[in-house]
Amino acid sequence: DLSNAMVAQDETGRPFIIVRDQGKKKRSYGAEAVKNHILAAQTVASIIKTSLGPRGLDKILISPDGDITITNDGATILSQMDIDNQIAKLLVELSKSQDDEIGDGTTGVVVLAGALLQQAADLIDKGIHPVRIANGFDEACAVAVAELDRIADEVPYSQEDSSNLMKAAKTSLGSKIVSKAHDMFAQIAVEAVLAVADLERKDVDFELLKVDGKVGGALEDTALIRGVLVDKDMSHPQMPRSLKDAKLAILTCPFEPPKPKTKHKLDISSAAEFKKLQEYERDKFIEMINHVKDAGANMVICQWGFDDEANHLLYQHNLPAVRWVGGPEIETIAIATQGRIVPRFEDLTSEKLGKAGTIRELSFGTTRDKMLVIEDCANPRAVTVFVRGSNKMIVDEAKRALHDAICVVRNIIRDNRIVYGGGAAEIAASIAVASEADKRKGIDQYALRGFANALDSIPMILAENSGLDAINSLTTIKARQIMDSNSHLGIDCLEKGSNDMKELFVIDPLISKRQQLLLATQLTRMILKINAVIVNGSDEG
Ligand code: ADP
């Protein structure tokens with residue numbers, strides 16, 4: 001019953017949630033209030049539900065200024081929905097925290113929370129107190145997580161044999177828009193992560209890995225660059241297009257002659273005097289150029305701009321330069337080239353220069369667009385994935401898909417314990433929770449059963465989204481899992497002809513699945529314990 005909340009679209013087609021406000025006339029408290037909150041949250045979950053899994057539907061999101069996003073990434077969909085209801089907003093936060101901590105499973109966590117809330121609403125209808133339900137769910141969650149730990153498998157990998165990482169990346173890309181470039185994208189994701197990974201310490205340095213994109217070309221032109229990409233070109237068209245053995249002065253201070261008028265009082269009364277001033281400025285700037293060259297630099301990266309005159313002098317004195325480089329890009333360049341950012345011009349010394357084997361300009365067909373590639377950097381681990389695609393939507397979605405795949409690979413490197421996907425892990429956990437419920441005599445068994453049912457809805461939704469009979473699929477597979485004691489069996493979403501997810505290599509990192517359970521349970525608990533929302537001092541009930 002969603003009579004209290006509905007999805008509507010504003011004049012730009014952007015979805016938003018209307019939750020009818022009953023607070024004005026009749027304020028509800030306790031269980032009834034909790035049920036209202038549950039309805040609001042469920043509305044959000046029900047939008048996200050159809051995006052789950054490899055056959056999940058994409059959503060088109062249109063922002064107020066007309067930007068279009070096509071995605072089936074839960075976190076992205078939620079972050080762009082204009083949600084007014086405070087409780088519904090918690091779901092947005094939920095997928096964000098899953099995204100921040102794991103970078104994967106953002107749709108699943110919201111769907112699971114929606115299912116838990118549905119079960120909670122049913123239990124409230126049975127007359128069970130919300131706090132009691134919350135406690136029961138907590139217990140059930142502990143049982144489910146313990147079961148995940150028990151059934152977890154290890155995925156072997158090494159620098160030499162990354163085939164399992166490849167498979168994992170491919171599974172992750174499976175539900176995303178880039179399906180035609182799967183192999184290539186998976187390869188890029190794995191190579192990129194391995195470049196910045198320390199397999200000994202099981203550590204992946206994301207600081208050194210950037211995902212960048214530009215509209216143009218085809219998805220297949222996407223490439224891994226062993227270095228840094230800067231969305232700028234040389235400041236002067238006649239400066240060299242490429243440079244070997246670059247030594248970079250990385251400046252965040254202005255690179256222009258000091259303005260004398262602020263320091264000394266100057267009276268200009270004749271053309272000759274004006275010329276003198278000009279000459280003074282020029283000489284000063286040449287001095288600065290020489291200072292840079294004396295330090296050993298053969299290129300300048302500057303956060304500030306410089307005028308045409310200065311630009312010309314730089315060209316004349318053979319010092320290629322890039323201007324207006326953004327703060328984050330400057331930092332990336334410094335990290336990759338192991339140079340130091342120089343905030344005061346006087347502080348520039350040779351030890352502070354960044355080093356790179358080559359710097360070259362990248363141009364794009366007939367357009368005037370250019371980018372700079374800084375390769376073979378002092379820190380050889382810095383890499384950039386450069387995504388191409390025929391329009392912004394495709395580039396953005398491909399970037400998100402790659403981000404997910406990169407996170408999956410990173411997660412396995414950090415911790416290579418996995419559980420099987422396609423709902424297999426959820427079914428196994430559900431069986432464990434249900435059997436715990438069987439041991440209970442009191443009211444708590446209901447909450448445990450409710451939790452088990454919520455877990456079951458993941459495989460059911462996966463089946464439904466794949467056009468399969470949900471109840472039938474679930475019961476068959478559950479029976480087989482119990483009969484064969486095989487926790488690898490799940491929903492064959494892509495109709496590959498097998499339900500063995502180990503065979504299909506449909507896996508989810510254990511930490512991701514575990515986090516989903518913990519976060520969704522936590523959120524449900526929170527909603528079950530709220531019985532009034534106070535906004536600006538008014539009581540929404
Ligand atoms: P999320 O944003 O939560 O990762 P996805 O839309 O990527 O959501 O869907 C992930 C779910 O789909 C997981 O439960 C995963 O096990 C399942 N899944 C992914 N690929 C397959 C597949 N080929 N067959 C069956 N299930 C799959």
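How many nonpolar, polar and charged residues does the shell around the ligand have? In this predicted model, the shell comprises seven nonpolar, 14 polar and three charged residues. Thr107, Gly108, Gly421, Gly422 and Cys493 come nearest to the ligand among the 24 residues around it. Helix α4, spanning residues 106-125, supplies the largest share of this shell, with three residues. Two domains take part in the shell, as at least three residues are drawn from each of domain 1 (5-154 + 419-539) and domain 2 (160-226 + 380-415).

We can turn next to the sheets. One is an open sheet of three strands, arranged in the order β5-β18-β19 with antiparallel pairing. Strands β5 (153-154) and β19 (507-509) each have a single partner strand and stand at the edges, so one side of each is left without a neighbour in the sheet. Strand β18 (residues 417-420) runs antiparallel to β5 and is joined to β5 by two bridges; here Asp153 stands opposite Ile418 of β18.

A further open sheet, also of three strands, follows the order β8-β17-β9, and its pairing is mixed. At its edges stand β8 (209-215) and β9 (223-225); each has a single partner strand, so one side of each is left without a neighbour in the sheet. On average, neighbouring strands of this sheet are turned by 25° against each other, direction ignored. Seven bridges link β8 with β17 (residues 383-389) in the parallel sense, and Val211 stands opposite Val385 in β17. Helix α12 (residues 392-414) packs on this sheet, where the helix touches both β8 and β17. The direction of α12 makes about 145° with that of β17.

Definitions and conventions
Residues numbered from 1 in each chain as written. Predicted model: local features only at pLDDT ≥ 70, side-chain atom pairs only at ≥ 80, totals over all residues. Pairing = 2+ DSSP bridges. Helix = DSSP H or I, 4+ residues; strand = E, 2+ residues; numbered from the N terminus. Near = placed C-beta within 6 Å. Nonpolar A, V, L, I, M, F, W, Y, C, P; charged D, E, K, R; others polar. Domains from an automatic or database assignment. Axes fitted to C-alpha atoms, helices over the stretch in contact; angles between N-to-C directions. Contact = placed C-beta atoms within 7 Å.
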